[in-house]
Amino acid sequence: MKILITNDDGIVAPGLLALRAALLEMGEVIAIAPDRPRSACGHAVTLHKPLRLSRVELPDGGEGFACNGTPSDCIALGVSEDLGGPPDLVVSGINGGPNLGWDLTYSGTVAAAMEGVICGVPSIAISVTSHAVSDFGPAARFARYLSEEVVRHGLPQEVFLNVNVPPVPAEEIQGVAITHQGRLIYENRIERRTDPRGRDYFWFTGDRVEHRGQPGSDIEAVARNRISVTPLRLDLTDHTRLAHLRAWELEWPPG
Ligand code: MN
């Protein structure tokens, strides 16, 4: 069993180490991760500069590769024949911070799992829903368990799993929920400030308005201290709206 792991928090992030340690019991684990934090880089890949890999000693004494690219670059490199060919499984994480609802489209963690799917490898993204995680233990344990289940059951070719673990001690976790993506919006998203030279600048801030009370959603599950597992697919088409949109009878040239 060969497992490729990455993250978007960087090669020395504690969540990656915890994931690696947990998966080592399953087989060979290859860690290729960005050489710096790349959170919220989405599915970006590097097309305009050389990609480099540096062998690094991880804080736990293990070996990994730091990459000057994005999480998706790391997966594309990791599955290449140059690095020994496709693994049996891709796991991205353990991210420090939630990847819930509409935020998934920003996530480097989730995008790495998307890249895994594109490369034809069963893939999992996993996060703990706090930016100040004190213990990745429960999430690491769940990552190993779910990885074994994915190997056992397989996943449809286009599907990957997005996991969010509440940041509470193991005994406070209220089970596992299979969820759908919730709705997540922000208020007061952009703040305007003035720099010391008197010029305006802008900063992403804002309040997340988590729409709770969405039964069955990832957001709702984590709010109830349950581990959320969402099956996602790369096809973003709203198949239920195809007929509706066809009824518009859009035409060219415009009538
Ligand atoms: Mn991150």
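Select Ile5 and Val91: Ile5 stands opposite Val91, which lies in strand β5. You are looking at a predicted model.

**Stop 1: strand β1 and its partners**

Widen the selection to β5, residues 89-96. Strand β1 and β5 run parallel, and four bridges join them. Now colour β1 itself, residues 2-6. How many of its five residues are buried? Five of the five are, so to speak, under cover: β1 is mostly covered.

Turn the strand and look at each face. In a regular strand the side chains alternate between the two faces of the sheet. On one side of β1 you find Lys2, Leu4 and Thr6. On the other you find Ile3 and Ile5. Both faces are covered, and these residues are all buried.

Next, select strand β2, residues 28-34. It pairs with β1 in the parallel sense, over four bridges. Pick Ile3 and look across to β2: its bridge partner there is Val29. Then follow the chain from β1 to β2. The path goes through helix α1, residues 14-23, and this β-α-β crossover is right-handed.

**Stop 2: Arg20 in helix α1**

Stay on helix α1 and select Arg20, which is found there. Is Arg20 buried or exposed? Arg20 has a relative accessibility of 10%, and buried means under 20%. Therefore Arg20 counts as buried.

Show what surrounds Arg20. Leave aside its neighbours within four places in sequence. Arg20 is then in contact with Ile5, Val29, Ala31, Leu58, Asp60, Gly62 and Glu63. You have already met Ile5 in β1 and Val29 in β2.

**Stop 3: helices α2 and α3**

Move to helix α2, residues 71-79, and helix α3, residues 108-118. Two packed helices are described by the angle between their axes and the distance between the axes. Here the angle is about 25°, and the axes are 8 Å apart. Angles under 35 degrees count as roughly parallel, so α2 is roughly parallel to α3. The crossing of α2 past α3 is right-handed.

Which residues meet where these helices pack? From α2, show Pro71, Ser72, Ile75 and Ala76. They meet Gly108, Ala111, Ala112, Glu115 and Gly116 in α3.

**Stop 4: what covers α3**

Keep α3 selected. Nine of its eleven residues are buried, so to the eye α3 is mostly covered. Among the buried ones are Thr109, Val110, Ala113 and Val117.

Finally, show the cover. It includes β1, α2 and β5. It also includes β6 (123-128), β7 (159-165) and β13 (227-233). With β1 and β5 you are back where the tour began.

Notes:
Residues numbered from 1 in each chain as written. Predicted model: local features only at pLDDT ≥ 70, side-chain atom pairs only at ≥ 80, totals over all residues. Heavy atoms only, no water. Buried < 20%, exposed > 50% of the residue type's maximum accessible area, 1.4 Å probe, protein only. Helix = DSSP H or I, 4+ residues; strand = E, 2+ residues; numbered from the N terminus. Pairing = 2+ DSSP bridges. Right-handed = clockwise from strand over helix to strand, strands pointing away. Axes fitted to C-alpha atoms, helices over the stretch in contact; angles between N-to-C directions. Parallel < 35°, antiparallel > 145°, perpendicular 65-115°, else oblique. Left-handed = near helix turned anticlockwise from the far one by under 90°. Contact = heavy atoms within 4.5 Å.
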